[in-house]
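Q: Could you take a close look at the salt bridges in this model? I'd like to know where they sit and how exposed their partners are.

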Amino acid sequence: MSKKKIGSAAAKSAYVGAAFLMATSAIGPGFLNNTAIFTQRLGASFGFVILLSMFIDIGAQYNIWRIVTGSGKPAQDLANDRLYGSGHLLAGMISFGGWVFNIGNLAGCGLGLQILTGLPATYGAAISGIIAYFILSNKQAGVQIDRFSKILGLLMIILTVYVAIASHPPMKEVMLQTLWPDKTDWQAVVVLVGGTVGGYISFAGAHRLLEAGLTGERHQQEVSRSAIRGIVLTTFMRFILFLAAFGVVAGGVSLDLGNPAASVFRSAAGSFGYYFFGIVLWSAGITSVVGATYTSVSFWQTLSVQIHKHRQFVLIVFMISSWLVLTLMGNPSRLLVIAGAVNGIILPVALAILLISFSKKQWGNSKLRLALYAIGWLVVILMTILSADTIRTAWKTFFSE
């Protein structure tokens, strides 16, 4: 990872870019479908789940970003310094989870281009993989990723806001149950937190800031703001998608379980809305492909001289292997069940490793910092407990008929 110094304008761009990289990594095809599914299951009460998840997300990401940039080391190196081998374990878990989710992300890209152009989904996935590779292999990859994430992130938000307005959600009921829900679902909390800050997602922005050289104590305040900004962006996108879906559901429409997010856009805005969905789905897929690939490879660059030396080749292998599995399986849903289970447990394991590696003493003695350190451990304990049943259920589902 680079430790170069950059100017204030470039630093500001990197902070915003890191927030968008994290947010757009989280907003993938699974994000769209899960939001629609849980909205149909919980109705207006899903707003409370989103709100609760946001606070857990902030507690996790705030700690991860500050630890990585404060130490000036990639997460895997920091972990190995404290307990050799834990960094390799962390890298293995995150890169495997990123690779499996990349299969689903490419599937989303293919379906999005199929809606927009009529191309077969496998061709659309291949084209999207090539686009992602050229972005990542560029000599100015960090800058390109920042721009790419910002543009497509804003595009997704604008189009989804339009659909949310068109669906006319009953806002009074939404606001009431967001604060005082009729029901809740802890599995939904695990899925949302795991899909927002689990696995590679939180580390995407942290490693981007590390690459930009924004490390050490003097950058901690801006790093913290960038971390929170990424969570707020993700939560905002999820909330407006929830509003769009709830407006449709409250109107008496039953979402298509085969493609619930698509039925939200189509029901709210007709064929025009379905075309918008194609744009949002492709944007969500391609930005998540870039985020998953960038972060997964970044975890091995400092652990293996050969991977660092042959980074371009590793990127190609990562993309092609994801596409081949997608093509052979046709539907990656069963593999994504296990990926979701792994993602659920990666967060508490990764956060615990980093909290141990970056000692309480290194955090400083201010009450705020000690409180945040304690919140980090609270997230570890809470997510470990909440993930247990979800993981068991996912495992049984994978091996059932």
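A: Here is a walk through the salt bridges, with a helix contact at the end. Bear in mind that this is a predicted model.

The structure holds four salt bridges, and three of them are worth going through here, including two inside helices. Let's begin with Lys 73, whose side chain meets that of Asp 81 at 2.3 Å, N to O. Lys 73 is partly exposed, its relative accessible area being 33%.

Next comes helix H10, residues 201-211, which holds both Glu 211 and Arg 208. These two are three residues apart, about one turn of the helix, and their side chains form a salt bridge at 3.5 Å, N to O. Their surroundings are not alike: Arg 208 is buried because its relative accessibility, 5%, is under the 20% cut-off, whereas Glu 211 has 22% and so counts as partly exposed.

Helix H11, residues 220-250, has a pair with that spacing too: Glu 222 and Arg 225 are three residues apart, about one turn of the helix. Here the N to O distance is 2.7 Å. Both partners count as partly exposed, Glu 222 at 29% relative accessibility and Arg 225 at 42%.

For a contact without charged residues, try H3 (residues 46-71) and H8 (residues 171-179), whose axes come within 7 Å and cross at roughly 50°. The two helices are therefore oblique to each other, and the crossing is right-handed. Gly 47, Phe 48 and Leu 51 in H3 meet Gln 177, Thr 178 and Leu 179 in H8. By class, that makes three nonpolar, three polar and no charged residues.

Conventions: Residues are numbered from 1 along each chain as its sequence is written. This is a predicted model: local features need pLDDT of at least 70, side-chain atom pairs count only at pLDDT 80 or more; totals for chains, interfaces and linings use all residues. Side-chain values use heavy atoms; hydrogens and water are left out. Axes are lines fitted to C-alpha atoms, for helices over the stretch in contact, and angles run from 0 to 180 degrees between N-to-C directions. Helices (H or I, at least four residues) and strands (E, at least two) are DSSP runs, numbered from the N terminus. Angles under 35 degrees count as roughly parallel, over 145 as roughly antiparallel, 65 to 115 as roughly perpendicular and the rest as oblique. A crossing is left-handed if the near helix is turned anticlockwise from the far one by less than a right angle, and right-handed if clockwise. Contact means heavy atoms within 4.5 Å. Ala, Val, Leu, Ile, Met, Phe, Trp, Tyr, Cys and Pro count as nonpolar, Asp, Glu, Lys and Arg as charged, and the others, Gly among them, as polar. Buried means under 20% relative accessible area, exposed over 50%, partly exposed in between (1.4 Å probe, protein chains only).
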